[in-house]
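Colleague: I'd like a close look at just one part of this model, the place where two of its helices pack together. Could you walk me through that spot and then work outwards from there?

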Amino acid sequence: MSQNDSVQRFRQELLRRTQRLLRTGIPIVQCAISAGLAWLIARHVVGHPEPFFAPIAGVIALGISLGQRLRRAAELVVGVSVGVGIGDVLISVIGTGPWQIALVVALAMSAAVLLDAGGVIVMQAASSSVLVATLLPPATMGGLNRMVDAAIGGVVGLIVAALLPQNPLAVAHRYGRTVLGSLADALRGISAAMAGEDSAAASDVLVAARKSHRSVEELRSALTTGDEIARYAPIRWRNRGELEHYQTAATPVDRALRNTRVLARRALAALRDEEPVPDPVPGMLEELAGVVVLLRDELADGSEPLRTREAARSVARRTTVRLVSETDFSMQVVVLQIRSITVDLLQATGLSRSEALASLPSLHPDSGDDSAETPSDQSRSDPPE
């Protein structure tokens, strides 16, 4: 490797790490301010000489990873109370040592579990009991003071989060682009594989599409966090409408990804069986990829995805019974999955399922049913091959 290549790689890595730091800049500032304020209040306002638990509680209640702060703050106080209470009582009686510490931790965690507590309470009870048994024995400061310090830290963390919140849309945009980009890439990849009758390319698309589940979960987590910020932070109330567009789209987009994986499997089977590919199908898949890109752009702009809706309807209108009837089995499933994906994308724009189905041409024209169902048994799950 040449020196220029090494320098270029170093610059790219430095840029990546700098961008990562900038993305977490606000949470870092929140934690720093919360820790300092919690100490200041507990030490100089309340008058505790060693408010060790206050800054710790302020940081834990906030966390670099946000979400469910009110519950976390309450769990923190309960966990500290359980750990401190058991630690104070036992260490006062049995003293400090390796077996005493082991016993205190086991009993504190057991008590938290018996309370049917969550993971935060159990682990905080354990860590608090360790601190009581080692760094802060009962003679140093009262258990009640520690509980008060934990409450101060939790409240300060909540106040800092409300007054200095993250932008809830920033994370939603980032993960939304990732999820919708994966969907668009998969549709384009299948389109190209079918146009070129390339089963190896279709197999590669299927492998890549199966890796999209994690990004969907990250988007859901980001939207949960964003919803909390938008509800509790006054300066972010204006973002609630834009977040609602993402929340409306999240579940249908997840279904569209699942349907696309089913489509990719059937496309791969059709190519391996040398089934003829109807001329309109690759173009329809390419158009669907364009619909997904349009949805991504409209969500990022904060606008209602009306253009996406019309573009999806344009594709839906061409998935006719004639197109289905002129194909072999696997290709029929491909066309039916295209119908399912268009329904998912229409629902992502805010339509109800019945409204989205009404955009499809009937597969039973003689029956008068204008909202023919698609193969929901296949489209709502992603079974193994």
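How close do the axes of helix α12 (residues 280-301) and α15 come, and at roughly what angle do they cross?

Modeller: Happy to. Keep in mind that this is a predicted model. The axes of α12 and α15 come within 11 Å and cross at roughly 15°. Angles under 35 degrees count as roughly parallel, so that is what we call this pair. As for handedness, α12 passes α15 in a left-handed crossing.

Now for the residues that meet there. On the α12 side, the contact is made by V281, M284, L285, L288, V291, V292 and L295. Facing them from α15 are V334, V335, I338, I341, T342, L345 and A348.

Some of those names come up again when you look at the nonpolar cores. The largest core has 63 residues, and L285, V334, I338 and L345 are among those with the most contacts inside it. L187, I190 and M194 are on that list too. The largest share of this core, 13 residues, comes from helix α11, which covers residues 240-272. There is also a second, separate core of nine residues, including C31, A38, I152 and V156.

To see how L285 ties in, take I190. Leaving out residues up to four places away in sequence, I190 touches L285 of our helix pair, along with V205, T260, L263, A264 and A267.

Back to α15, which spans residues 329-348, because two polar residues there deserve a look: both Q337 and R339 are buried. Q337 sits in α15 and has a relative accessible area of 0%. What does its side chain pair with? The side chain of N259, through a polar contact of 3.2 Å. Q337 also comes 7.5 Å from V262, C-alpha to C-alpha, although the two are 75 residues apart in sequence.

R339 is in α15 as well, and its relative accessible area is likewise 0%. A polar atom of the R339 side chain lies 2.6 Å from the backbone oxygen of T319. If you're going through the helix by eye, those two polar pairings, Q337 with N259 and R339 with T319, are good places to stop.

Since α11 supplies the largest share of the main core, its own packing is the next thing to check. Its axis and that of helix α8 (residues 168-195) come within 10 Å and cross at roughly 20°. α8 and α11 are therefore roughly parallel to each other, and their crossing is left-handed.

Helix α10 (residues 213-232) is another partner, with its axis 10 Å from that of α11 and a packing angle of about 160°. Angles over 145 degrees count as roughly antiparallel, so α10 and α11 fall into that class. Their crossing is left-handed too. From α10, the residues in contact are H213, V216, R220, L223, G226, D227 and A230. From α11, they are R240, L243, Y246, Q247, A250, T251, D254, L257 and R258.

The loops that follow α8 and α11 each have a backbone oddity. The loop between α11 and α12 holds E274, whose phi is near 60°, a positive value in a residue other than glycine. E274 is exposed, with a relative accessible area of 69%. E197 is found in the loop between α8 and α9 and has a positive phi of about 50°, again without being a glycine. At 58% relative accessibility, E197 counts as exposed.

For a spot elsewhere in the chain, try I86 in helix α4 (residues 69-94). Not counting residues up to four places away in sequence, I86 touches V104, L107, A108 and A111. Its C-alpha atom is 8.9 Å from that of V105, which is 19 residues away along the chain.

Finally, stepping back to the whole chain: there are 17 helices and zero strands. Of the 385 residues, 46% count as buried. And among contacts between residues at least 6 apart in sequence, 76% join residues at least 24 apart. The Q337 and V262 pair, 75 residues apart, shows two such distant stretches of sequence lying 7.5 Å apart in space.

Key
Residues numbered from 1 in each chain as written. Predicted model: local features only at pLDDT ≥ 70, side-chain atom pairs only at ≥ 80, totals over all residues. Heavy atoms only, no water. Core = buried A, V, L, I, M, F, W, Y, C linked by side-chain atoms within 4.5 Å. Buried < 20%, exposed > 50% of the residue type's maximum accessible area, 1.4 Å probe, protein only. Helix = DSSP H or I, 4+ residues; strand = E, 2+ residues; numbered from the N terminus. Contact = heavy atoms within 4.5 Å. Polar contact = N/O pair within 3.5 Å; in protein donor to acceptor, adjacent residues only side chain to side chain. Axes fitted to C-alpha atoms, helices over the stretch in contact; angles between N-to-C directions. Parallel < 35°, antiparallel > 145°, perpendicular 65-115°, else oblique. Left-handed = near helix turned anticlockwise from the far one by under 90°.
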